[in-house]
Amino acid sequence: MAQETPATIKISGAEAIIHCLLAEGVDLLYGYPGGAIMPVYDELYKFQDQLTHVLTRHEQGATHSAQGYARATGRVGVAMATSGPGATNLVTGLADAQIDSTPMVCITGQVPRHLLGSDAFQETDIIGISTPVTKWNHQITKAAEIPEVMAKAFYIAKSGRPGPVLVDITKNAQFEEFEFSYTPCKRVRSYNPTPKPDMKAIEAAAELINNAKKPYIVWGQGIILGKAEEQLKALVEKAGIPAAWTILGASALATDHPLNVGMVGMHGNYGPNILTNECDVLVAIGMRFDDRVTGSLDTYAKQAKVIHFEIDPAEVNKNVKADIAVLGDSKHTLELLLPLIDENKHEAWHQVFKEKYQIEFDAVIEKDIHPTKEGLTMGEVIEEINLASKNNAVIVTDVGQHQMIACRYAKFSESKSNITSGGLGTMGFALPAAIGAKMGMMEREVVAIIGDGGYQMTIQELGVIFQHQVPVKIVVLNNDHLGMVRQWQELFFDRRYASTVMVNPDFVKIAEGYHIEAKRVSERKDLKTAVETMMASDKPYFLEVKVEKEDNVFPMIPSGASVSDIRLK
């Protein structure tokens, strides 16, 4: 909850930053101190009972932790770093948050105003560097600017289509004193974060849906960001429309809901992909037609009328031309649509999805989750986690084969349960993001699913788990390869495995070095007990599972191919 601040008090710019954070209801932030941000850290020391700072082991870890916190809670994540390399180490996390619409405010220190542009020690133009990967950024050079800029930063980060904001503060502004007062921002001139819905467009959309013989919904993260889960459920149930999801939209509708037909995209389900090119009305809600979803745009849903529900006008007609565009917040626009929708079942159309699922089950799914071969598969590990968690864990994935397998087979009963790096595909995301997710939602079980490659990119964040005793569960699916790159090399580069073999350390010993309970499993007979032991623990736990080295993820749409060309082997 936001805290009241005195009407006017005379304080330093550094203390003002703390008061701004408290006024915005921030109680947890991630960061790494340094010279240019030291005045803020000095003030932070005085407010330890009100504001918890988590010392990450790398600034990139701070941004990913802030992202994990934001994605799990729906609140703004906060990260802080010093100037120069501290600031530039935030850039990957900023880019990840920008493309995945994650609300985050990053605060960086900067050299004093009189040294700007002089190539001073640890001076970097972080405003210029971060402009392409932030929703908004601003440099503060005078203490008096702090309240207005910070209020604007939080408003922009969380309003409309969320995103990351960076505020850079010169050291002189941190030391200067001024008369402080704080007013939360409620609007910014010329910034219209949530377009007003057009009822004519909604009525036209309803008419198309009601008259459709083969309607099909694909939803994305806009449902979760817009808190429209109940409205989505009501729509699919009333209209009887099969509905599929992008990886960032996963968990908005329970996995076992009979109208949830699975995942679209490069490694999505067979039916949801191939039937995109057979539906007559495609209803896209809160998704941006990413290339990993559409495959070749020349052949994507050309037979269908496309209805696009979207909060960001820039996404409409960017990749796929919409016959009807409905702008606005997804919860509001779906609430306006629902009374206009006729009840329907579309039983014959659903039967087609069931038939396609059976084809995929026989060719792929059964072999992934109930293998007969000796080596362990990633799919059966995910299935054991489903069973042990009763389908109620928050699953945080890195990037690679394990990510696609986890997204395909993890089962969810609650929203905000699938946290992954979608648009940027950031290896190293999962471990710090899982820390942030768990610290934001201590009442929920959080399991990080990571490959052996991505794990080593941010493995140092085990120090945060140890220092703060964050009871996150870490599962490394170790195939001793950069698995996804290796799969492409096998399929498209004549098995030339260039630089994809990993010579890995003893991950169990490393975890134990951080005083984290750890176990390694390499045989099927030990897997179930190992997963159950991990899930039963109330402390941090690390589990390494040695899986098949040359397993591939199928189905697969080759890069640039049509969704109709999806391969089952």
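The following exchange concerns a predicted model and the criteria behind its structural descriptions.

Author: In this predicted model, local features need pLDDT of at least 70 and side-chain atom pairs count only at pLDDT 80 or more, whereas totals for chains, interfaces and linings use all residues. Residues are numbered from 1 along each chain as its sequence is written, and side-chain values use heavy atoms, with hydrogens and water left out.

Reader: What makes helix α1 (residues 13-23) largely enclosed by the rest of the structure?

Author: Helices are DSSP runs of H or I with at least four residues, strands are runs of E with at least two, and both are numbered from the N terminus. A residue is buried under 20% relative accessible area, exposed over 50%, and partly exposed in between, with a 1.4 Å probe and protein chains only. Eleven of the eleven residues of α1 are buried, so the helix is largely enclosed. Among them are Glu15, His19 and Cys20. Gly25, with a positive phi near 80°, follows α1.

Reader: Why is Ser190 called exposed?

Author: Its relative accessibility is 80%, and the term applies over 50%; therefore Ser190 counts as exposed. Ser190 lies in the loop between β8 (177-180) and α9 (199-211).

Reader: What is notable about the backbone of Ser190, and where does Lys416 lie?

Author: Most residues other than glycine have a negative phi, and most peptide bonds are trans. Ser190, not a glycine, has a positive phi of about 75°. Lys416 likewise has a positive phi, near 60°, and is placed in the loop between α17 (401-409) and β16 (418-420). The peptide bond from Phe554 to Pro555 is cis, with omega near 0°; Pro555 lies in the segment after β20 (541-546).

Reader: What makes β3 (52-55) and β6 (136-140) edge strands?

Author: Two strands pair if DSSP finds at least two bridges between them. The open sheet runs β3-β2-β4-β5-β7-β6, with parallel pairing of its six strands. β3 and β6 each have a single partner strand, so one side of each is left without a neighbour in the sheet. Strand β2 (residues 28-31) is joined to β3 by four bridges in the parallel sense, which meets the requirement of at least two. Gly31 stands opposite Leu55 in β3.

Reader: How do you know that β17 and β18 are paired?

Author: Five bridges join β17 (residues 446-451) to β18 (residues 473-478), and the two run parallel; the criterion of at least two is satisfied. Both belong to an open sheet of six strands in the order β16-β15-β17-β18-β20-β19. Its edge strands are β16 and β19 (517-521).

Reader: Which strands does helix α18 touch?

Author: Contact means heavy atoms within 4.5 Å. Helix α18 (residues 430-440) touches β15, β16, β17 and β18, and its direction makes about 175° with that of β17. Such angles run from 0 to 180 degrees between N-to-C directions, with axes fitted to C-alpha atoms, for helices over the stretch in contact.

Reader: Why is the lining of the largest cavity described as having no charged residues?

Author: Asp, Glu, Lys and Arg count as charged; Ala, Val, Leu, Ile, Met, Phe, Trp, Tyr, Cys and Pro as nonpolar; the others, Gly among them, as polar. The lining consists of Trp245, Ala250, Ser251, Leu253, Thr255, Asn260, Ala410 and Phe412. By class, this lining has five nonpolar, three polar and no charged residues.

Key: 1 Å grid on protein atoms, 1.4 Å probe; cavity = no way out; pocket = protein on both sides within 12 Å on 5 of 7 lines; lining within 4 Å.
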